[in-house]
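Good morning, and thank you for coming. I should like to take you through one protein this morning, beginning with a single residue and ending with the whole chain.

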Amino acid sequence: MNSKLKQLQIIHLALCFSVFLFATVTTLLNKDYLYFDANPANTAPYNPIFPIVGLITISVSIIAFKTLISKIDKTAAVDLKITQYHTAFIVSAALLQAGALFNLVGSFISYNAFFLIFAAVNLIFLIRNRPTKDKLISALQLQYPDTETL
């Protein structure tokens with residue numbers, strides 16, 4: 001079981017690193033042109049779209065994770081529960097990554113560093129959701145014999 005948790009942690013690390021790497025490349029490519037403007041009048045077509053999508057993906061990520069976890073059969077085998085936990089976590093993490101990358105693209109095409117804030121918020125939520133043994137036990141409500149196999 002420990003290898004399954006390690007696999008999920010590696011997937012999490014790859015998702016976080018890809019957002020960080022894309023943010024770094026975006027910032028380095030646009031460093032001479034970047035400006036910070038939160039006024040919707042000055043950044044009309046982009047300003048409401050990118051931040052709203054970033055915040056919506058955070059909400060949908062939390063809701064999707066809780067919904068998928070609640071659908072897990074508590075009487076199922078531990079392997080099946082962990083597999084379903086993997087699915088719930090990957091869906092949640094992919095939504096957070098999508099929100100971050102969407103805002104990074106917004107910053108890249110508009111040169112507005114304002115969108116980097118929302119990309120960072122999504123990245124922070126993604127980092128905070130790192131899968132651990134304790135989180136897995138808590139989410140799946142595992143009991144003693146099953147927890148020892150983790």
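Let me begin with a question: does N39 count as buried, partly exposed or exposed? Before I answer, please note that what you see is a predicted model. N39 sits in the loop that joins helix 1 to helix 2. Its relative accessibility is 36%, so N39 counts as partly exposed, since that class lies between the 20% limit for buried and the 50% limit for exposed. Along the chain N39 and F114 are 75 residues apart, and in the model their C-alpha atoms are separated by 9.6 Å.

From there we may step back to the overall architecture. The protein has 6 helices and 0 strands. Read from the N terminus, the order of elements is therefore α-α-α-α-α-α. Along the principal axes, the C-alpha atoms occupy a box of roughly 60 × 25 × 15 Å.

The record adds a further layer. In an unreviewed UniProt entry, the annotation "transmembrane region" is given to residues 12-29, 49-70, 82-102 and 108-127. I shall comment on two of these spans. Residues 49-70 are 100% helix and 0% strand, and the C-alpha atoms at the two ends lie 31 Å apart. For residues 108-127 the figures are 85% helix and 0% strand, with 22 Å between the end C-alpha atoms.

Y111 deserves a brief stop. This residue belongs to the loop between helix 3, which covers 78-110, and helix 4. Most residues other than glycine have a negative phi. Y111 has a positive phi, near 65 degrees, although it is not a glycine. With a relative accessibility of 35%, Y111 counts as partly exposed.

I turn now to the aromatic side chains. The count of aromatic pairs in this model is 7. One of them is formed by F50 and F115: the ring centres are 5.3 Å apart and the planes meet at 50 degrees, so the pair is classed as tilted. What does this pair tie together? F50 lies in helix 2, residues 49-70, and F115 in helix 4, residues 114-128, so the pair ties together parts that are 65 residues apart in sequence. Both partners are shielded: F50 is buried, with a relative accessible area of 7%, and F115 is buried as well, at 0%. Ring pairs also join F36, F50, F102, F114, F115 and F118 into a cluster.

A second buried residue of interest is Q9, in helix 1, which spans residues 2-29. The relative accessible area of Q9 is 14%, which means that Q9 is buried, the limit being 20%. Which residues does Q9 touch, leaving aside those up to four places away in sequence? They are R130, P131 and T132.

Let me close with the chain as a whole. Of the contacts with a separation of 6 or more, 76% are between residues 24 or more positions apart. Of the 150 residues, 37% are buried. The protein exposes about 8,400 Å², and carbon and sulfur atoms supply 69% of that area. Finally, there are 11 positive and 7 negative charges, and the mean positions of the two sets are 1 Å apart.

How values were computed
Residues are numbered from 1 along each chain as its sequence is written. This is a predicted model: local features need pLDDT of at least 70, side-chain atom pairs count only at pLDDT 80 or more; totals for chains, interfaces and linings use all residues. Side-chain values use heavy atoms; hydrogens and water are left out. UniProt positions are given in the numbering used here, feature names are shortened, and annotations may be inferred rather than shown by experiment. Helices (H or I, at least four residues) and strands (E, at least two) are DSSP runs, numbered from the N terminus. Buried means under 20% relative accessible area, exposed over 50%, partly exposed in between (1.4 Å probe, protein chains only). Contact means heavy atoms within 4.5 Å. Accessible areas come from the Shrake-Rupley method with a 1.4 Å probe; for residues, only the protein chains shown count as cover. Lys and Arg count as positive and Asp and Glu as negative; His and the chain ends are not counted. The place of a charge is taken as NZ of Lys, CZ of Arg, CG of Asp or CD of Glu. Rings of Phe, Tyr and Trp (its six-membered ring) pair if their centres lie within 6.5 Å; planes under 30 degrees apart count as stacked, over 60 as edge-to-face and the rest as tilted.
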